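Welcome, and please open the model in your viewer. We will go from one selection to the next, with a short note on what is there at each stop.

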Amino acid sequence: MKRFLVLLLPFLVLTGCSSSSTWGWYVINPMTASGWVNVKFLISGMGDTILISVIAAVISIVLGLIVALPGLAKSRWWRMVNRVYVELVRSIPLLPMLFWVFYGLPIIFREMGMNVPIDPFWGAIITLALSDSAFTAEIYRAGIQSIAKGQTEAAQTIGLNYLQTMRYVILPQAIRRILPPLANQFIYIVKMSAFASVIGMQELTRRANELVVTEYRPLEIYSLLILEYLILVLIISAGVRWLERRMGSDERG
Amino acid sequence: MSETAIELVDVNKWYGTFHVLKDINLSIQTGEKVVICGPSGSGKSTVVRCINRLEEHQKGTIRVDGIELTNDPNSVAAIRSDVGMVFQQFNLFPHLTVLENLTLGPMKARGLSKSEAEAKAMHYLKRVHIPDQAMKRPGQLSGGQQQRVAIARSLCMEPKVLLFDEPTSALDPEMISEVLEVMVELAQEGMTMVVVTHEMGFARKVADNMIFMDAGEIVEQGTPDEFFGSPRSPRCQQFLSQILEH
Ligand SMILES: Nc1ncnc2c1ncn2[C@@H]1O[C@H](COP(=O)(O)OP(=O)(O)OP(=O)(O)O)[C@@H](O)[C@H]1O
Ligand SMILES: [Mg+2]
């Protein structure tokens, strides 16, 4: 909370300058009627930003596990599948991937005789989920691998089979190492969701851009935009820290 | 009246091109205590781990309680249910309490009810002298206590044979004796034991058969009296003089 207030400080200082003629905080002054309309317009992008991020995160969490499992296989070929996917997806910048998914993918679908229109909403989600899945896959792989081989062996010597070993010994330990970094990845998704604005998604960033075009007040409007992301991210990271504490204290008993 | 519990016939194993085990022949009777020693890297752990299929051998035959170890999952499962193992690093499950560590195998692999499994667990915790630690996590116990929990965890599966791979090597000196004491008690109760250790005092006290390995071979074996009194091979003599010096 204290950190939050400190971060708020520069914003308050800037607001204090609003009497000077170079500042035009009136654009987003909620005390005036027109300012309030603008603020409402900006903040109402929050819903789409959150929705896109949450759906993309859920897909990425499932996709990441599917990609991670071949990476843990004994066979070299399965591990190769995992490596190629992770290295490839990880090296594509988000914006080109977004263009490829939004403008390119429908053409592939059409060539295959399927009519799957990709709207900005799903275009953004698919891109964010794909891009993030390379990272979540690595989190799963590292988390499961970090459980020492000795744990599997001990489970085997007391007669547990593969599924029981996973269920009772490996996953309960791995989950403590997987969940916090996975939640942390959510911050990445929220921030990257700003790119959805370029394909016309009316989320936080797009709305700020639109308002700047009509009001010519980029400093004030983008300041508010940054503040909006800041609040979102601070809430999520508080959640991550809570999760980390909980997971940590569990391990100690 | 004694019967063969474990039999290894011409067992060979390679890691890639590296020949770890060379024609290992070993026969262990029910109730017999075998102590294996030898320099680091000689293949002691590998022998023990082949007996319960944590490692696969490529040539030769391993039989436990009459069942031959093959790739057949049933034979592996059958042998694992007869053979318990105690590791150097304990390998307790850190996310479970001591009691849960002990009841997991009996409940999930043997289908015992929770109360049956807990009664059994408490019985064996008493036998290793730490019934009062049942509700703690492994991380809250000393190394010696953790290793005794690991022994109790193996005993809860009521194995016919117990394998120990350097069970005291990861312990502080003052904790070694409490673990050895439990092992001596087990030996006196008639458990069949295969123990990799450099604790020669323990070996003298309980071993029926001493085995010295070097470079993947069994170089020398015999009763403790023969073994310590008049080792034949120079390698074994040298090893013993080094280890008994301190
Ligand atoms: N997974 C493996 N891959 C390749 N080589 C291995 C592997 N495991 C063991 N080795 C090698 O096999 C040899 C025998 O190993 P083993 O662990 O059986 O020795 P050890 O007698 O138990 O030694 P220590 O006293 O150090 O425990 C060593 O040279 C070791 O480096
Ligand atoms: Mg060893």
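Which residue stands opposite Val64(B) in E5(B)? Select Ile67(B) in E5(B) and you have the partner of Val64(B).

Before moving on, some ground rules. This is a predicted model, in which local features need pLDDT of at least 70 and side-chain atom pairs count only at pLDDT 80 or more, while totals for chains, interfaces and linings use all residues. Residues are numbered from 1 along each chain as its sequence is written, chains are lettered from A and ligands numbered from 1 in the order in which they are written, and side-chain values use heavy atoms, with hydrogens and water left out.

**Stop 1: the antiparallel sheet of chain B**

Widen the selection to the open sheet of 4 strands in chain B, ordered E2-E1-E4-E5 with antiparallel pairing. Its edge strands are E2 and strand E5 (67-68) of chain B, each pairing on one side only. Strands (E, at least two residues) and helices (H or I, at least four) are DSSP runs numbered from the N terminus, and two strands pair if DSSP finds at least two bridges between them. E4(B) and E5(B) are joined in the antiparallel sense over 2 bridges.

Now add H1(B), which packs on this sheet and touches strand E1 (4-15), E2 and E4 of chain B. Contact here is heavy atoms within 4.5 Å. The direction of H1(B) makes about 120 degrees with that of E1(B); axes are lines fitted to C-alpha atoms, for helices over the stretch in contact, and angles run from 0 to 180 degrees between N-to-C directions.

**Stop 2: ligand 1**

Keep H1(B) on screen and select ligand 1. H1(B) gives the most to the shell around ligand 1, with 3 residues. Both strand E2 (18-29) and helix H1 (44-51) of chain B supply at least two shell residues each. Among the residues that surround ligand 1 are Tyr15(B), Phe18(B), Val20(B), Pro39(B), Gly41(B) and Thr46(B), where a residue is near if one of its heavy atoms lies within 4 Å.

Show the side chains of three more residues to see the polar contacts (pairs of N or O atoms within 3.5 Å; within protein, one must be able to donate a hydrogen and the other to accept it, and residues adjacent in sequence count only if both atoms are side-chain atoms):

- Ser40(B): a side-chain N or O atom is 2.6 Å from an oxygen atom of ligand 1.
- Lys44(B): a polar side-chain atom lies 2.8 Å from an oxygen atom of ligand 1.
- Glu166(B): a side-chain N or O atom is 3.2 Å from an oxygen atom of ligand 1.

Taken alone, ligand 1 exposes 630 Å², and the protein buries 58% of that. These areas come from the Shrake-Rupley method with a 1.4 Å probe; for residues, only the protein chains shown count as cover.

**Stop 3: Asn52(B)**

Next, go to the loop between H1 and strand E4 (59-64) of chain B, where you will find Asn52(B). Is Asn52(B) buried or exposed? Asn52(B) is buried, because its relative accessible area is 1% and buried means under 20%, exposed over 50% and partly exposed in between (1.4 Å probe, protein chains only). Not counting residues up to four places away in sequence, Asn52(B) touches Thr157(A), Arg80(B), Val83(B), Met85(B) and Leu163(B).

**Stop 4: the mixed sheet of chain B**

From Leu163(B), select all of E7(B): 5 of its 5 residues are buried. Val161(B), Leu163(B) and Asp165(B) point one way, while Leu162(B) and Phe164(B) point the other way.

E7(B) belongs to an open sheet of 6 strands in the order E6-E7-E8-E3-E9-E10 (chain B), with mixed pairing. At its edges are strand E6 (83-86) and strand E10 (217-222) of chain B, and the twist averages 20 degrees from one strand to the next.

Pick Phe164(B) to see both sides: Val86(B) stands opposite Phe164(B), and in E8(B) the bridge partner of Phe164(B) is Val195(B). The pairing of E6(B) with E7(B) is parallel over 4 bridges.

**Stop 5: chain A**

Finally, switch to chain A, which has 10 helices and 0 strands. Of its 253 residues, 42% count as buried. Zoom in on Pro30(A), in the loop between helix H1 (2-16) and helix H2 (33-43) of chain A. Pro30(A) counts as partly exposed, at 42% relative accessibility. Leaving aside neighbours within four places in sequence, Pro30(A) is in contact with Gly35(A) and Trp36(A).
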